[in-house]
Structures are given as structure tokens and as C-alpha cells.
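The exercises below are meant to be worked with the sequence and the model side by side. Try each task before reading its solution.

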Amino acid sequence: MTSVFHACHSPLPYFPRKCQRSHPPRPSVSFPSSSFSRRCQSDARFMATSVKTAAWTTPDGSALQDGISEYFDKSSGFWEDIWGDHMHHGFYDPDSNVSGTDHIAAQIRMIEESLRFAGISEDPAKQPKRIVDVGCGLGASSRYLARKYGAECQGFTLGAVQAGRANVLAKAEGLADKVSFQVADALNQPFPDGQFDLVWSMESGEHMPDKAKFVNELARVAAPGGTIIIVTECRRDLGPSEKSLQPWEKKLLNRICNAFYLPEWCSTSDYVKLLQSLSLQLQCRI
Ligand SMILES: C[S@@+](CC[C@H](N)C(=O)[O-])C[C@H]1O[C@@H](n2cnc3c(N)ncnc32)[C@H](O)[C@@H]1O
């Protein structure tokens with residue numbers, strides 16, 4: 001299995017990093033990255049004014065989950081009107097020909113960059129055929145991947161309204177036989193082991209209160225030799241002499257957490273350690 005990890009630092013600085021290990025077939029994890037800090041900051045400000053502040057402190061995280069599903073169910077229509085059905089950031093690269101104002105092209109570029117970084121083959125015989133979309137939002141990634149690869153996609157989200165809308169869009173796009181969506185928890189996925197040759201998590205990892213459980217579940221449902229792609233926001237790694245983030249950084253992150261129903265941020269190194277502990281072949285791009 002291979003896993004590929006794209007980490008998006010938002011809105012703090014980010015650093016290039018790549019690590020790779022060889023193994024017999026295990027799922028692989030890819031972490032690609034993006035440069036979107038300006039957009040993210042403005043989104044955070046906007047949402048902070050329009051969404052109530054979360055208070056999710058129960059030990060089992062249930063209040064957090066309720067907050068996430070309520071937040072996404074209430075705001076998805078709004079996001080769909082403004083951004084379309086992809087609920088993730090775009091990939092902006094100085095060398096890219098994507099215009100800074102064409103956010104949908106940039107969102108598609110984020111998907112394509114993630115697949116490219118993870119080394120997903122262009123050979124039809126080697127392309128993924130069974131995909132799970134973890135934290136699927138309105139299911140745009142699933143529909144895109146199903147079309148691109150002719151694959152079967154199962155997506156899930158905490159939001160019932162989101163799952164319903166994702167199924168409506170799949171039907172409207174003639175993909176109902178390939179793609180389906182349901183309500184489920186990424187920390188307790190409703191699938192047997194080893195089901196999927198591509199496990200896709202686009203900007204859902206930041207909502208997970210238990211990162212170890214999250215990556216364990218991703219690895220559990222991945223087929224031997226499959227690929228796990230995680231694109232997520234992370235805080236920066238601490239410097240050698242630092243014990244914690246700067247107070248201004250903590251303050252800023254707390255504001256983002258409160259606005260978007262996010263638990264405490266972890267760093268890319270934290271993810272890398274977790275993924276390495278599962279003996280996955282790992283590529284990381286920040
Ligand atoms: C920012 S949206 C990204 C949606 C989608 N991946 C996309 O790129 O369009 C985050 C998604 O993660 C989902 N999510 C957060 N925590 C989750 C959990 N524990 N289990 C399942 N989905 C979760 C939310 O319901 C939401 O659909």
C-alpha cells in the first residue's frame with residue numbers, strides 16, 4: 001500500500017518536504033499541498049461572522065460531530081452557490097496556467113495534482129476501480145474520479161443534507177450507477193477491510209479529533225497495494241528550540257477552529273509519524 005499526503009498549511013508558513021520508504025505491497029499515502037493561505041484567511045473571517053462558535057468539549061467528540069454535520073448541512077447550499085460542488089481549496093502554482101480568479105479550475109487542478117503526486121497510473125489497466133471518498137461533502141471528487149477512471153465510488157459525510165444532495169447530483173449527472181453517498185463516520189467506517197484501491201480524503205482530515213484512529217481506518221479499508229491520498233490542513237512543525245507555537249499563531253488557529261468546527265491542529269510531522277507507524281510507503285508534499 002502507498003499513502004500520499006498533501007498538507008496545506010493554513011494560514012501559517014509551509015515548507016517543502018518529501019519522505020519515502022519501500023515496502024512490500026501496502027497501501028500508500030500521499031499528502032500533496034497547495035498555496036491558498038490568502039483565500040483561507042478571508043474565508044475564515046467570513047465564516048466566523050456567519051456561523052456560531054462551536055463548543056465541542058465532550059470526551060467522545062460527539063458534540064464536535066454534531067457541530068460538523070450541522071455546520072455543513074446548513075452551509076453547503078451557500079458554498080455550492082458561490083464555489084460550486086467542490087468544497088476544497090484550489091491548487092495555485094506560480095508556473096500554473098490557472099487564473100487566480102478561476103477557482104473551479106484551481107480546485108480541479110488540486111485533484112489532478114494530488115493524483116499526479118500520488119503516482120496514479122494513466123494506464124487504464126492500473127487505474128483505481130473501487131474508490132472511497134472520506135468526508136465527501138457534496139461528492140464532487142467522487143463524481144470527478146468516477147468519470148475519470150470509470151470507477152465505482154462510495155462517499156460518506158457526517159451531513160445528511162450533504163449526502164442527499166450528493167446523490168441528487170450523481171443522478172443528475174448520469175452517475176447513479178457508479179457513485180453513491182451515505183452518512184457515516186470516518187473514525188468508524190461502514191466497510192469491511194481491504195475494500196478500496198483508492199482511499200481519498202480531500203480536506204476532511206482536519207475535522208478528525210483522533211488522527212490515529214482516522215489514519216488507521218483509512219489503512220484498514222485500503223486494499224493491499226492500494227493508495228491513500230490525504231489532502232489536509234496542518235499547522236507548521238515546531239523549530240528545534242520551540243516548545244509550542246507562538247501565542248499569535250495559537251490565537252489565530254483557535255479562531256479558525258471555532259469558525260470551522262475543527263479540533264486541535266496537528267503538524268505534518270505528527271501525520272508522518274502516525275503513517276510510518278502503520279508501515280505504509282509514504283510520500284509527503286507540503
Ligand atoms: C471541507 S469539507 C470537504 C468536502 C469534500 N471532501 C470536498 O473536497 O468537496 C469537509 C467534509 O468532511 C466531512 N467530515 C468531517 N468529519 C467527518 C467525520 N468524522 N466523518 C465523515 N465525514 C466527516 C464533513 O461532513 C464535510 O463533508
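## Exercises with solutions

A starting point is A176, which lies in the loop between α5 and β5 (179-183), where helices (H or I, at least four residues) and strands (E, at least two) are DSSP runs numbered from the N terminus. Residues are numbered from 1 along each chain as its sequence is written. The model is predicted, and local features need pLDDT of at least 70, side-chain atom pairs count only at pLDDT 80 or more, while totals for chains, interfaces and linings use all residues.

**Exercise 1.** Decide whether A176 is buried, partly exposed or exposed, and list its contacts beyond four places in sequence.

*Solution.* Begin with the cut-offs: a residue is buried if 20 or more other C-beta atoms, placed from the backbone, lie within 10 Å of its own, exposed if 12 or fewer, and partly exposed in between. A176 has 13 other C-beta atoms within 10 Å and is therefore partly exposed. Next come the contacts, for which the C-beta atoms of two residues, placed from the backbone, must lie within 7 Å; leaving aside neighbours within four places in sequence, A176 is in contact with A170 and K171. Finally, A176 and R143 are 33 residues apart in sequence, and their C-alpha atoms are 9.5 Å apart in space.

**Exercise 2.** Describe the surroundings of G137, starting from its place in the chain.

*Solution.* G137 sits in the loop between β3 (130-134) and α4. Because it has 27 C-beta neighbours inside 10 Å, G137 counts as buried. Apart from neighbours within four places in sequence, G137 is in contact with M87, T157 and Q162. G137 also belongs to the residues that come nearest to the ligand, together with H88, G135, S204 and H207, out of 23 residues around the ligand; a residue is near a molecule if its C-beta atom, placed from the backbone, lies within 6 Å of it.

**Exercise 3.** Which elements each supply at least two residues of the shell around the ligand, and how do the residues of this shell divide by type?

*Solution.* The elements are α2 (62-83), α4 (140-149) and β4 (152-157). For the types, Ala, Val, Leu, Ile, Met, Phe, Trp, Tyr, Cys and Pro count as nonpolar, Asp, Glu, Lys and Arg as charged, and the others, Gly among them, as polar. The shell then divides into eleven nonpolar, ten polar and two charged residues.

**Exercise 4.** Work out how α2 and α5 (residues 160-172) are placed relative to each other.

*Solution.* The axes, which are lines fitted to C-alpha atoms over the stretch in contact, with angles from 0 to 180 degrees between N-to-C directions, come within 7 Å and cross at roughly 40°. That makes α2 oblique to α5, since angles under 35 degrees count as roughly parallel, over 145 as roughly antiparallel, 65 to 115 as roughly perpendicular and the rest as oblique. On the α2 side the contact is made by F72, D73 and S76, and on the α5 side by A160, V161, Q162 and R165. These residues divide into three nonpolar, two polar and two charged.

**Exercise 5.** Where does the pLDDT stay under 50?

*Solution.* The pLDDT is the predictor's confidence in each residue, from 0 to 100, and the chain averages 82, with 79% of the residues scoring at least 70. The pLDDT stays under 50 over residues 9-24, and it is also below 50 over residues 33-57. Where pLDDT is low, the predicted coordinates should not be read in detail.
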